[in-house]
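Open the structure in your viewer and keep the sequence panel visible. The tour below gives one selection after another and says what is there.

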Amino acid sequence: MENDARPLAVFDLDNTLAGTAHRQHFLEGAKRDWAGFFAAAVDDPPLPEGVRMVHASAEECRIVYLTGRPERCRRDTVRWLSRQGLPEGTLFMRRDDDRRPARRTKLDILRRLGRTGRVRMLVDDDELVCDAAEVAGFAVVRARWADPSAVLKDAQEREGRT
């Protein structure tokens with residue numbers, strides 16, 4: 001990645017490129033079924049607007065996928081990206097034991113990326129992640145093409161799970 005001078009286009013997965021509505025039920029109720037939630041990600045439908053944007057960006061940028069999904073989901077996530085015909089890119093995932101809010105984990109990775117290359121944009125659906133990235137000086141595209149999920153937002157912020 002270091003030898004390529006093109007800028008970086010950084011894309012979130014859940015509710016940016018992948019629709020998660022079909023698996024939200026795993027997070028409802030008093031006891032959340034995280035194993036079920038992440039196992040069902042292999043069946044996420046692609047979100048056409050996000051897919052179009054990543055393909056268009058790949059013409060001028062190096063693609064980076066930045067997700068709050070835990071590292072243990074890497075194999076399924078890589079397969080999902082490939083099945084959708086998405087451009088090749090570097091995939092950054094949350095450490096399995098990292099429970100920090102998404103806005104912190106993602107901003108840490110964005111800053112690291114910014115030290116080795118120019119980040120042209122971050123595309124993400126999480127408003128708090130977008131706010132933090134903008135405050136840090138990154139250009140942001142807010143992915144508002146999926147229905148927002150209060151349950152997923154809570155999981156991202158309070159439980160540091162995605």
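**Stop 1: R79**

Select R79, which counts as partly exposed because its relative accessibility is 48%; buried means under 20% relative accessible area, exposed over 50%, and partly exposed in between, with a 1.4 Å probe and protein chains only. R79 sits in helix α3. Helices (H or I, at least four residues) and strands (E, at least two) are DSSP runs, numbered from the N terminus. Now add F26 to the selection: R79 and F26 are 53 residues apart along the chain, and their C-alpha atoms are separated by 22 Å.

Before going on, note that this is a predicted model, in which local features need pLDDT of at least 70 and side-chain atom pairs count only at pLDDT 80 or more, while totals for chains, interfaces and linings use all residues. Residues are numbered from 1 along each chain as its sequence is written, and side-chain values use heavy atoms, with hydrogens and water left out.

**Stop 2: the cores**

Next, select F11, L17, V54, Y65 and L86. In the largest nonpolar core, which has 24 residues, these five touch the most other members. A nonpolar core is a set of buried Ala, Val, Leu, Ile, Met, Phe, Trp, Tyr and Cys residues joined through side-chain atoms within 4.5 Å. Colour the elements that give two or more residues to this core: β1 (8-11), α1 (34-39), α2 (48-57), β2 (62-70), α3 (74-83), β3 (90-94) and β4 (119-124). Which element gives the largest share? That is α1, with three residues.

Keep V54 selected and show what surrounds this residue. Leaving aside neighbours within four places in sequence, V54 is in contact (heavy atoms within 4.5 Å) with F11, L17, I63, Y65, L86 and P87. A second, separate core has 17 residues, including L8, L110, L113 and V119.

**Stop 3: I63**

Move to I63 in strand β2. Is this residue buried or exposed? I63 counts as buried, because its relative accessibility is 4%. Not counting residues up to four places away in sequence, I63 touches A9, F11, V54, S57, A58, P87, E88, G89 and T90. Measure from I63 to G89 in the viewer: the two are 26 residues apart in sequence and 4.7 Å apart in space, C-alpha to C-alpha.

**Stop 4: N15**

Select N15, in the loop between β1 and α1. At 4% relative accessibility, N15 counts as buried. What is its phi? N15 has a positive phi of about 65°, although it is not a glycine. Most residues other than glycine have a negative phi.

**Stop 5: A40**

A40 lies in the loop between α1 and α2. With a relative accessible area of 13%, A40 is buried. Leaving out residues up to four places away in sequence, A40 touches H22, R23 and F26. The C-alpha atoms of A40 and Q24 are separated by 9.7 Å, with their positions 16 residues apart along the chain counted as the gap.

**Stop 6: V151**

Go to V151 in helix α6 (residues 150-159). V151 counts as partly exposed, at 23% relative accessibility. Its contacts, not counting residues up to four places away in sequence, are Q24, L27, E28 and R32. V151 and G29 are 122 residues apart in sequence and 9.6 Å apart in space, C-alpha to C-alpha.

**Stop 7: two helices**

Finally, show helix α4 (residues 102-116) together with helix α5 (residues 127-135). They pack at an angle of about 40°, with their axes 9 Å apart; axes are lines fitted to C-alpha atoms, for helices over the stretch in contact, and angles run from 0 to 180 degrees between N-to-C directions. That makes α4 oblique to α5, since angles under 35 degrees count as roughly parallel, over 145 as roughly antiparallel, 65 to 115 as roughly perpendicular and the rest as oblique. To see the contact, select A102, R103, K106, L107 and L110 in α4, which meet L128, V129, A132 and A133 in α5.
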